[in-house]
Amino acid sequence: TMRDNGRLKIAIQKSGRLADMSLKLLEKCGISLAKSRDQLLCMADNFPLDVFLVRDDDIPAFLATNVCQLGILGQNALLEQQANENGKYAELKEVMALGYGKCRLSIAVPNDFDYKDITSLSGKTIATSYRGLLAKYLAEKNVSADIVTMQGAVEVAPRTHLADVICDLVSTGNTLKSNGLRETDIVMQSQAVVIKNEIKDVEINSICEKLIARLRAVLRAEN
Ligand code: ATP
Ligand code: ZN
């Protein structure tokens, strides 16, 4: 079957902020991909590798079920799912940071919000797509607040009175600015990373080691 065709499987984002860089990175490793990128699957024709093009959120599940052995996603996405899924993804390990997809998970408040320090958030409602990471951060700071989970458009939550403040991914800060928000706390810094499951198959593991060595060489050459 496809599952055990003797080839390493890697899951990368199909479209979005990490998609182009992740495909490019594989190409820089000398891997030539046969199928067009609108398919679920690309097969390398000069290396025993199959590339699954999926939603970034689904990547931990692809690895946990061993459909894929490697994945590329934001640290934020991995740590959020690890914070939520009761140990289900504990065996997924970060192999290397890739230097792209850099962003931070930050708390931001409306410009007219009276913010002194993190305790100003106590009793407030915070909108986020990162409930697990935010809850951990607030617990560490001994702040008790209500978290409302949103799938997207988190930055409009204060204007619609869905929440007092937000916790969202920020790179330039332009989105915050144009929504009348200012960044107050960094919950975590993030970038794209390679993650790996516990590979049991010796052959697959040695293919994986080869790919990781190529990835390291590419990053070394770039830095
Ligand atoms: P998908 O359709 O795969 O679910 P998505 O909309 O969840 O995509 P993207 O917006 O493409 O995800 O973001 C993917 C990753 O890019 C984020 O998880 C994060 O690691 C990184 N990233 C870098 N900068 C930003 C930013 N300013 N906003 C959001 N994500 C960013
Ligand atoms: Zn996503």
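## A mixed sheet, its helices and a zinc site

In this predicted model, five strands make up an open sheet of mixed pairing, arranged in the order β8-β7-β9-β6-β10. The edges are taken by β8 and β10 (181-190), each of which has a single partner strand, so one side of each is left without a neighbour in the sheet. From one strand to the next, the twist averages 25°.

Two of the pairings illustrate the mixed character of this sheet. Strand β6, covering residues 103-110, runs antiparallel to β10, and eight bridges join the two. Within this part of the sheet, Ala 108 faces a residue of β10, standing opposite Glu 183. The partnership of β7 with β8 is instead a parallel one, with four bridges. Here Thr 128 has Thr 149 of β8 opposite it. As general background, strands of a sheet pair through backbone hydrogen bonds, in either the parallel or the antiparallel sense.

It is worth turning next to the helices that accompany these strands. Helix α3, made of residues 75-84, lies across β6, β9 and β10, and its direction is at about 80° to that of β10. Helix α4, spanning residues 131-140, packs on the sheet as well, with β6, β7 (125-128), β8, β9 and β10 among the elements touched. The direction of α4 makes about 170° with that of β8. Together with β7 and β8, helix α4 also builds a β-α-β unit, which is right-handed. The parallel pair described above, β7 and β8, thus supplies the two strands of this unit.

The model also contains a zinc ion (ligand 2), for which the protein donors are Asp 56 (OD) and Asp 57 (OD), at 2.0 to 2.1 Å from the ion. The site has four donor atoms, and the angles among them run from 74 to 174°, an irregular arrangement. What is the exposure of the two aspartates? Asp 56 is partly exposed, because its relative accessible area is 22% and the buried class is reserved for values under 20%. Asp 57 likewise counts as partly exposed, at 39% relative accessibility.

Several loop residues deserve a closer look. Asn 66 sits in the loop that links α2 (59-64) to β4 (70-74). Although Asn 66 is not a glycine, its phi is positive, at about 65°. This asparagine is partly exposed, having a relative accessible area of 36%. A positive phi is also found at Ala 153, near 50°, again in a residue other than glycine. Ala 153 belongs to the loop between β8 (146-149) and β9, and its relative accessibility of 43% places it in the partly exposed class.

A further loop residue, Ser 171, is placed between β9 (165-170) and α5 (174-178). Which residues does Ser 171 contact, leaving aside its neighbours within four places in sequence? The contacts are with Arg 17, Lys 102, Cys 103 and Arg 104. One of these, Cys 103, falls within the residue range of β6 (103-110). Leu 105 lies 66 residues from Ser 171 in sequence, while the C-alpha atoms of the two are 9.0 Å apart in space. Even with these contacts, Ser 171 is partly exposed, with 41% relative accessible area.

How values were computed:
Residues numbered from 1 in each chain as written. Chains lettered and ligands numbered in written order. Predicted model: local features only at pLDDT ≥ 70, side-chain atom pairs only at ≥ 80, totals over all residues. Heavy atoms only, no water. Buried < 20%, exposed > 50% of the residue type's maximum accessible area, 1.4 Å probe, protein only. Contact = heavy atoms within 4.5 Å. Donors = N, O, S within 2.8 Å, 3.2 Å for Na, K, Ca; no water. Tetrahedral: all angles 85-135°; square planar, octahedral: opposite > 155°, others 65-115°. Pairing = 2+ DSSP bridges. Axes fitted to C-alpha atoms, helices over the stretch in contact; angles between N-to-C directions. Right-handed = clockwise from strand over helix to strand, strands pointing away.
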